[in-house]
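Subject: Structure handover

Hello,

Here is the structure I said I would pass on. Please open it beside this email and follow along.

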Amino acid sequence: MIKEINAGSGQSLPQNTYARSVDIIRKGYLLEEWRTIKYYHLDGTLETFDNYEVNRNGLVRRKDSRYIKYPELNGNTRYPTVGIKTNTGESVCRKIHVILASTFIGPRFPQYRIDHINRDPKDYRLENLRYLS
């Protein structure tokens, strides 16, 4: 069971807790809503990643270990991506803003695009994303 610990509360964690986990717990990431990743491609096909979850801030983690996968900028894209494995074990890179919109907003029509409200492609938080025609 995960116990919420606020930074500066004076509460201590068990000695076997890793510093990385402490930081994540203190920021509340483990206490947020996590959903299994869905990814809608431009042609409308749905790809589900049963071994991974995403939260509203765009953090992606493995379900079994809760290991956080950090975003990368690959190739010529200006959008952060994350390397994950499909249900068949194939390694793929997927754009984080598409993961978030697909998982939390739902499918989009082919004529719609995902808009970053503040125009910053590196700000992939759910509150900054919407579908536009």
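Below is what was found in it, starting with the overall layout and ending with the charged residues.

Please keep in mind that this is a predicted model.

Overall layout

The chain contains 2 helices and 8 strands. Read from the N terminus, the elements come in the order α-β-β-β-β-β-β-α-β-β. There are 133 residues, and 38% of them count as buried. Taking contacts between residues at least 6 apart in sequence, 42% join residues at least 24 apart.

The open sheet

An open sheet is built from 4 strands in the order 1-2-3-4, with antiparallel pairing. Its edges are strand 1 (35–40) and strand 4 (68–69); each has a single partner strand, so one side of each has no neighbour in the sheet. The partnership of strand 1 with strand 2 (residues 46–54) is antiparallel and has 6 bridges. To find one of these pairings, look at T36, whose bridge partner in strand 2 is E53. Helix 2 lies across strand 1 and strand 2, and runs at about 110° to strand 1.

The hairpin of strands 5 and 6

Strand 5 (residues 81–85) and strand 6 run antiparallel and are joined by 5 bridges. T81, for instance, has K95 as its bridge partner in strand 6. The hairpin has 5 residues between its strands, and G89 takes a positive phi near 95°. Strand 6 (residues 91–95) has two faces: V92 and R94 are on the covered one, while S91, C93 and K95 are on the uncovered one.

Salt bridges

Side chains of opposite charge can pair when their charged atoms come close. Across the whole structure, 10 salt bridges were found.

E33 takes part in two of the pairs described here. With R35, the closest N and O atoms are 2.7 Å apart. With R56, the corresponding distance is 3.6 Å. R56 sits in the loop between strand 2 and strand 3 (60–62), and E33 in the loop between helix 1 (19–27) and strand 1, so this pair ties together parts that are 23 residues apart in sequence. As for accessibility, R35 counts as partly exposed at 28%, E33 as partly exposed at 37%, and R56 as partly exposed at 40%.

Another salt bridge links R125 and D123, with the closest N and O atoms 2.7 Å apart. R125 is partly exposed, with a relative accessible area of 29%, whereas D123 is buried, with 12%. In addition, R113, D115, R119 and R130 are joined into one network by salt bridges that share partners.

A buried arginine without a salt bridge

Which side chain of opposite charge is nearest to R108? It is D43, which is 9.1 Å away; R108 is buried, yet has no salt bridge. R108 is placed in the loop between helix 2 (96–105) and strand 7 (113–116). Its side chain does reach the backbone oxygen of Y112, at 3.4 Å. Leaving aside neighbours within four places in sequence, R108 is in contact with Y40, L42, V98, R113, I114 and Y131. R113 is thus worth locating twice: it is in contact with R108, and it belongs to the salt-bridge network.

Regards

Terms used. Residues are numbered from 1 along each chain as its sequence is written. This is a predicted model: local features need pLDDT of at least 70, side-chain atom pairs count only at pLDDT 80 or more; totals for chains, interfaces and linings use all residues. Side-chain values use heavy atoms; hydrogens and water are left out. Buried means under 20% relative accessible area, exposed over 50%, partly exposed in between (1.4 Å probe, protein chains only). Lys and Arg count as positive and Asp and Glu as negative; His and the chain ends are not counted. A salt bridge is a side-chain nitrogen of Lys or Arg within 4 Å of a carboxyl oxygen of Asp or Glu. A polar contact is a pair of N or O atoms within 3.5 Å; within protein, one must be able to donate a hydrogen and the other to accept it, and residues adjacent in sequence count only if both atoms are side-chain atoms. Contact means heavy atoms within 4.5 Å. Two strands pair if DSSP finds at least two bridges between them. Axes are lines fitted to C-alpha atoms, for helices over the stretch in contact, and angles run from 0 to 180 degrees between N-to-C directions.
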